[in-house]
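Trainee: Mind walking me through this one? I'd like to go contact by contact.

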Amino acid sequence: MSQHIQLDIAIIGGGIAGLWLINRLQNAGYQCALFEAHALGGDQSVASQGMIHGGIKYTLSGTLTGASEAIADMPAHWQDCLAGCGDVDLRGANVLSDHFYMWSSASVTSKLTTFFASKATRGRVDKVKAQDRPPIFQHRDFKGQLYKLVDIVLDVPSVLQTLASNVEGRVYQLPKQQAHWTKDDQNTCQLTVKTDQGEVNIRARQFIFTAGQGNAELLQQLGESSPEMQIRPLQQVMVKLNQPYGFYGHCLGTDKTPRLTISSHPCSDGSWVWYLGGSLAEKGVDQDPDTLIRQAHRELSNLMPWLDLSDAQWATLPVNRAEPKQQNMIRPDKAFIGQAEHCTNLSVAWPTKLTLAPNLATEALEQLQQRGIQPSDAKTDLSPLDLLPQATVAKSPWDLADFRPFPATGL
Ligand SMILES: Cc1cc2nc3c(=O)[nH]c(=O)nc-3n(C[C@H](O)[C@H](O)[C@H](O)COP(=O)(O)OP(=O)(O)OC[C@H]3O[C@@H](n4cnc5c(N)ncnc54)[C@H](O)[C@@H]3O)c2cc1C
C-alpha cells in the first residue's frame with residue numbers, strides 16, 4: 001500500500017549545499033527532508049580541499065575581481081557559525097587551520113607586491129616576516145616571499161557530520177533505483193520511493209536539487225533541460241609524507257591561478273596526507289596517474305627541495321567540479337539557484353564553491369519568500385519514511401585510495 005507525505009521542501013542531494021540548506025530551512029520552521037543517493041558529500045564536498053577562502057586567490061592578476069569580492073565575507077561568516085553565533089551551528093566541526101599561506105618560489109612580480117601591500121587587500125593578506133615563517137619555510141634555501149591569508153581550512157567530513165546531526169532524522173539514504181520521478185499535468189513534480197517494504201509518495205511545495213553533478217541526470221528524468229550544468233574536471237594528487245609538517249598554502253606561478261595548492265588532512269589510520277591541487281590538478285586531468293605523480297614529485301622537489309620524498313606514498317584522484325553552465329566554461333563567481341523551466345515546484349542549485357554554501361542557502365530562502373512559500377503550521381509526520389535508513393557521511397578519498405611508492409621508472 002502506498003503512503004503519502006506532504007513536505008514544504010524536499011532536498012535531493014546531501015553535499016555541503018543540501019546539508020547547509022536543510023539546516024537553514026529547519027531553523028526557519030519549514031517542514032523539510034533531504035534525500036541522498038549514496039553517502040553525504042560523496043562526490044565533491046569530501047574531495048574538496050576544505051578551504052573557506054576570502055578570494056585573494058582570484059586576485060593574482062593584481063586587481064580585485066568579481067570572484068574575489070563575491071566571496072570576501074565568507075571566512076567571517078563561517079567563523080561565526082563555528083563559534084555558534086551564525087545562521088547555522090557548526091560548533092561540532094573541526095578547523096584544520098586558521099590561516100592559509102601563499103608563497104612564491106622566487107620574487108613575486110612588483111605589480112602583485114604593490115597590490116598585496118595596498119589598501120584594496122588590507123585585512124585579507126599580510127606579508128610574513130622571516131622570523132615568523134612556519135617551520136617548513138625556515139629552511140635557508142627558501143628564497144621567495146610568503147604571505148598569510150585570513151582563509152580557514154576545515155575538516156569537511158566533520159562539517160558534514162555536524163550539519164547532518166543538527167537535522168537528525170531528516171536526512172535519508174535513497175538509492176537512485178528506489179527513487180521514481182513523475183510530473184503531473186499541472187507540471188508539478190513528485191517523488192515516489194519504492195522499496196521491498198512499501199511505497200511512499202512524496203509531494204513537496206518545492207523540490208530543490210542539490211545533487212552536484214547528479215543534477216543533470218535528475219533533470220533529464222523529468223524531461224527538463226535547464227538550468228544547464230558544466231563539468232570542470234581535475235586530477236588531484238595525494239601524497240603521504242614522512243615529515244612533521246601539516247601545511248596549507250598556494251604557490252604562485254606565472255598564471256592567474258595558483259601553480260600548486262597544498263592542504264593537509266588526517267587519515268583514519270592516524271597518518272596525514274598532503275592533497276595537491278591548483279594548476280597541477282587542472283593540467284593533469286588527461287595524464288595517466290603515474291605521469292601525474294612524477295609531475296607532482298617534480299613540482300614538490302622544485303618548490304620545496306628540502307622535503308624528503310624518499311618514502312612518500314602516492315595516489316591520484318580524478319574528480320569533477322559541477323557548476324551552472326557559463327559561457328566558455330569559465331568558473332562562475334557566485335552560488336546559483338534557478339527554477340526549472342517546465343516544473344513549477346522545482347529548482348536546481350550549485351554552490352560552485354564549498355565556501356559559498358551559506359550564500360546559496362540565503363538565496364534559496366529569498367526565492368521561497370518571493371514565491372510565497374512560507375513554513376506550514378502543520379507538522380509533517382515523517383514516519384512513513386522509516387523504511388529508509390538515515391544517510392551517513394562519505395569516506396574521504398585518502399581513506400579509499402590505494403597508495404603506492406613512487407613509480408619505478410621515469411624520474
Ligand atoms: C578537488 C576539489 C577541491 C575543491 N576545493 C575547494 C575548496 O578548498 N574550497 C571551496 O570553497 N570549494 C572547493 N571545491 C568546490 C566544492 O567542493 C564544491 O563546490 C562543493 O563541494 C559542491 O557541493 P555540492 O553539495 O553541490 O555537491 P556534492 O558535494 O557533490 O554533493 C552532491 C551530493 O548529491 C548526491 N547525489 C547525486 N545524485 C543524486 C541523486 N540522483 N539523488 C540523490 N542524491 C544524489 C551525491 O551522492 C552527493 O552526496 C573543490 C572541488 C573539488 C572537486
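Trainee: Which residues does L21 touch, leaving out those up to four places away in sequence?

Mentor: Keep in mind that this is a predicted model, where local features need pLDDT of at least 70, side-chain atom pairs count only at pLDDT 80 or more, and totals for chains, interfaces and linings use all residues. Numbering starts from 1 along each chain as its sequence is written. Contact needs C-beta atoms, placed from the backbone, within 7 Å. On that basis, L21 touches I11, I208, T210, L360, A361 and A364.

Trainee: L21 sits in α1, right? Why is α1 described as largely enclosed?

Mentor: A residue is buried if 20 or more other C-beta atoms lie within 10 Å of its own, exposed if 12 or fewer, and partly exposed in between, with C-beta atoms placed from the backbone. Cover for the buried residues of α1 comes from elements including β1 (2-12), β12 (198-209) and α9 (357-370). Helices are DSSP runs of H or I, at least four residues, and strands are E runs of at least two, numbered from the N terminus. α1 is largely enclosed because the buried share is 9 of the 12 residues.

Trainee: Which residues touch the most other members of the largest nonpolar core?

Mentor: Such a core is a set of buried Ala, Val, Leu, Ile, Met, Phe, Trp, Tyr and Cys residues joined through C-beta atoms within 7 Å. This one has 111 residues, and those touching the most other members are A10, L21, V237, V239, L276, A349 and L360.

Trainee: And which helix gives the most to this core?

Mentor: Look at residues 16-27, which supply 7 residues to the core. That's helix α1.

Notes: Two residues are in contact if their C-beta atoms, placed from the backbone, lie within 7 Å.
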